[in-house]
Amino acid sequence: MTVPRGHVEGVKVGGQEYPVKLGVWIMNQKGRRAKLTPDKLQALAALGLEWAR
């Protein structure tokens, strides 16, 4: 799965929608992959992120 760095998703919480910078979050996780636990890497890989395998 490829997510552009500038991708933003809207998330509804309590009837209000908030923007979430998904692309930035994924890039941050990728940069920290050496520090992620095996469980977190497995969860990201299950979502289709090839670098987490």
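This briefing walks through the fold, the hairpin, the surface and a few chosen residues of the structure above. The model is predicted. The protein has two helices and two strands. Their order along the sequence is β-β-α-α. The radius of gyration is 13 Å, whereas a compact globule of 53 residues would come near 10 Å.

**Overall shape and packing**

- The C-alpha trace spans about 35 × 20 × 20 Å along its principal axes.
- Of the 53 residues, 21% count as buried.
- Take the contacts between residues at least 6 apart in sequence: 9% of them join residues at least 24 apart.
- About 4,300 Å² of the protein is exposed. Carbon and sulfur atoms supply 56% of that area.

**The hairpin**

- Strand 1 covers residues 9–13, and strand 2 covers residues 16–20.
- The two strands run antiparallel, and five bridges join them.
- Together they form a hairpin, with two residues between the strands.
- Gly14 sits in the turn and has a positive phi of about 60°.
- Across the pair, Lys12 stands opposite Glu17 of strand 2.

**A nonpolar patch on the surface**

- Val11, Val13, Tyr18 and Val20 form a nonpolar patch on the surface.
- Their accessible area together is about 310 Å².
- Both strands contribute: strand 1 and strand 2 each supply at least two residues of the patch.
- Val11 is the patch member to look at in detail, and it is found in strand 1.
- The relative accessible area of Val11 is 36%, so Val11 is partly exposed. Patch residues need over 30% relative accessible area, and Val11, at 36%, meets that cut-off.
- In a regular strand, side chains alternate between the two faces of the sheet.

**A buried residue in helix 1**

- Helix 1 runs over residues 22–31, and Gln29 lies in it.
- Gln29 has a relative accessible area of 13%. Buried means under 20%, so Gln29 counts as buried.
- What does Gln29 contact, leaving aside its neighbours within four places in sequence? The partners are Leu36, Leu44 and Trp51.
- One of these partners, Leu44, has a number that falls within helix 2, residues 38–46.

**The segment after helix 2**

- Helix 2 covers residues 38–46, and Glu50 has its place in the segment after it.
- Is Glu50 buried or exposed? Its relative accessibility is 55%, so Glu50 counts as exposed.
- Glu50 and Met1 are 49 residues apart along the chain, yet their C-alpha atoms are separated by 7.2 Å.

**The salt bridge**

- How many salt bridges does the count give? The count comes to one.
- The side chains of Arg53 and Glu50 form a salt bridge, at 3.4 Å from N to O.
- A salt bridge requires the nitrogen to lie within 4 Å of the carboxyl oxygen, so the 3.4 Å between Arg53 and Glu50 qualifies.
- Side chains of opposite charge can pair when their charged atoms come close.
- Arg53 has a relative accessible area of 66%, so Arg53 is exposed. Glu50, at 55%, counts as exposed too.

Note on methods
Residues are numbered from 1 along each chain as its sequence is written. This is a predicted model: local features need pLDDT of at least 70, side-chain atom pairs count only at pLDDT 80 or more; totals for chains, interfaces and linings use all residues. Side-chain values use heavy atoms; hydrogens and water are left out. Patches are made of residues with over 30% relative accessible area and no salt bridge: like charges are joined within 9 Å, nonpolar side chains (Val, Leu, Ile, Met, Phe, Trp, Tyr) within 5 Å. Accessible areas come from the Shrake-Rupley method with a 1.4 Å probe; for residues, only the protein chains shown count as cover. Helices (H or I, at least four residues) and strands (E, at least two) are DSSP runs, numbered from the N terminus. Buried means under 20% relative accessible area, exposed over 50%, partly exposed in between (1.4 Å probe, protein chains only). The radius of gyration is taken over C-alpha atoms; the globule rule is 2.2 Å times the number of residues to the power 0.38. Contact means heavy atoms within 4.5 Å. Two strands pair if DSSP finds at least two bridges between them.
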